[in-house]
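Student: I would like a close look at one part of this model, namely the helices and the way their buried sides pack. Please set that part in the context of the whole chain.

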Amino acid sequence: MPGIIKEERIGGQRLILGDCLEVMPLLGKVDAVVTDPPYGIGEAAGKNKSRGKLAVAVDYGDLEWDNEPCPPKALSLMRHCGNLQIIWGGNFFDLPPTSCYLVWDKMNGKTDFADCELAWTNLKQAVRLIKWQWNGMIRKGHEPRCHPTQKPLGVMKWCLEHLPDSQTILDPFMGSGTTGVACANLGRKFIGIEIEEKYFDIACKRIDQAQRQGQLFQPEKPKAEQLDTHTYMTNTVPPERRETASPYPKTLVGKLAGR
Ligand SMILES: C[S@@+](CC[C@H](N)C(=O)[O-])C[C@H]1O[C@@H](n2cnc3c(N)ncnc32)[C@H](O)[C@@H]1O
């Protein structure tokens with residue numbers, strides 16, 4: 001299909017490698033778009049590594065996707081695809097006035113990092129705030145850091161809590177797949193699009209792991225004819241062998257576990 005370079009189905013989740021400007025027009029309507037597009041402030045191209053003082057900074061290489069902000073065409077496609085939208089970095093983009101920003105207080109202390117990040121939404125409610133420390137030695141959450149602008153899982157789950165009736169969520173700027181992991185944890189369907197293959201692979205791995213963990217807590221088994229490869233593996237392969245049975249590259253397993 002034009003625009004879709006590769007596609008993976010992991011349980012109920014659909015992960016697409018491709019340019020979201022080409023892929024979004026091929027998708028039907030979703031209940032909500034929850035995303036974190038490039039802000040255009042150069043965070044990916046090494047800015048992060050120069051500012052961390054509280055912990056060893058990670059160099060993710062010289063990627064340039066954050067040199068330009070999310071294109072207006074992507075914003076308009078996102079607004080068309082989903083009835084509800086939560087768009088991180090909304091203060092950098094040309095979006096209409098709203099009553100509801102979601103505010104993430106990063107508890108950065110006295111650094112030159114921003115104190116907060118803002119998500120523009122079209123929710124009919126008041127501004128809401130979450131405090132979630134993400135940098136330094138006492139950061140909250142235990143997930144590995146594998147993307148230069150990765151969002152905390154807890155913050156993305158909090159976003160989904162503002163969308164209790166949205167069953168299918170689209171993230172057209174998926175990165176390492178944090179929105180998809182939050183969806184897997186909360187039993188929502190997810191469609192993710194990512195242009196960089198290395199982040200696409202990491203997202204597949206993370207979402208696969210999250211799906212398997214979720215499956216372990218589900219008492220009911222699906223009927224045999226409904227089993228896909230992933231579900232088959234989860235239901236039949238003993239837990240100690242599941243990592244080796246994963247269809248995603250072993251190198252990524254090592255990378256994710258090593259951080
Ligand atoms: C801010 S990051 C998202 C990080 C993500 N929230 C996470 O937790 O890992 C934006 C991502 O959008 C991707 N991207 C940039 N332009 C894109 C495009 N046109 N189509 C799809 N993905 C794109 C970049 O490669 C980058 O991984």
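**Helix packing within the fold**

Tutor: In this predicted model, residues 24 or more positions apart account for 66% of the contacts in the chain with a separation of 6 or more. The chain has nine helices and nine strands, and 34% of its 259 residues count as buried. The mean pLDDT is 82, with 73% of the residues at 70 or more.

Helix H4, residues 153–161, is a suitable place to begin. Its buried residues are Leu153, Val155, Met156 and Cys159. They lie on the same side of H4 because they cover an arc of only 165 degrees around the axis. An α-helix has 3.6 residues a turn, so residues three or four places apart point the same way. The partners of this buried set include several strands: S3 (30–35), S4 (82–88), S5 (101–105), S6 (116–121) and S7 (128–131). Helix H5 (178–186) also packs against the buried residues of H4.

The approach to H4 deserves attention as well. Pro152 sits in the loop between S7 and H4. Why does Pro152 count as buried? The reason is that 21 other C-beta atoms lie within 10 Å of Pro152, where the cut-off for a buried residue is 20 or more. Beyond its neighbours within four places in sequence, Pro152 is in contact with Trp132, Trp134, Lys140 and Gly141. Gly141 is 11 residues away from Pro152 along the chain, and the C-alpha atoms of the two are separated by 7.3 Å.

Helix H3, residues 72–81, can be read in the same manner. Ala74, Met78 and Cys81 are its buried residues. These residues share one side of H3, since they cover an arc of only 65 degrees around the axis. On the face turned away from that buried side, H3 carries the exposed residues Pro72, Lys73, Ser76 and His80. The buried residues of H3 pack against H1, S3, S4 and strand S8 (168–171). Strands S3 and S4 thus appear among the partners of both H3 and H4.

A further helix enters through the nonpolar core. The largest such core has 46 residues, of which Ala203 and Ile207 touch the most other members. Helix H6, residues 197–216, gives the most to this core, with seven residues. If residues up to four places away in sequence are left out, Ala203 touches Leu15, Met174, Ser176, Gly177, Gly180, Gly192 and Glu194.

Ser176 links this account to the ligand. Of the 21 residues around the ligand, Ser176 is one of those that come nearest, together with Asp36, Phe173, Gly175 and Thr178. Helix H1 (20–23) and strand S9 (189–194) each supply at least two residues of this shell. By class, the shell has 10 nonpolar, six polar and five charged residues.

One backbone detail concerns a loop. Met107 lies in the loop between S5 and S6, and its phi is positive, about 50 degrees, although Met107 is not a glycine. Most residues other than glycine have a negative phi. Met107 is partly exposed, because 16 other C-beta atoms lie within 10 Å of it.

Finally, two stretches call for caution. Over residues 48–56, pLDDT stays under 50, and the model has 18 contacts beyond four places in sequence for them. Over residues 221–246, pLDDT also stays under 50, with 20 such contacts. Where pLDDT is low, the predicted coordinates should not be read in detail.

Note on methods. Residues numbered from 1 in each chain as written. Predicted model: local features only at pLDDT ≥ 70, side-chain atom pairs only at ≥ 80, totals over all residues. Near = placed C-beta within 6 Å. Helix = DSSP H or I, 4+ residues; strand = E, 2+ residues; numbered from the N terminus. Nonpolar A, V, L, I, M, F, W, Y, C, P; charged D, E, K, R; others polar. Core = buried A, V, L, I, M, F, W, Y, C linked by C-beta atoms within 7 Å. Buried ≥ 20, exposed ≤ 12 C-beta atoms within 10 Å, placed from the backbone. Contact = placed C-beta atoms within 7 Å. pLDDT = per-residue confidence, 0-100. Arc of directions from axis to C-beta.
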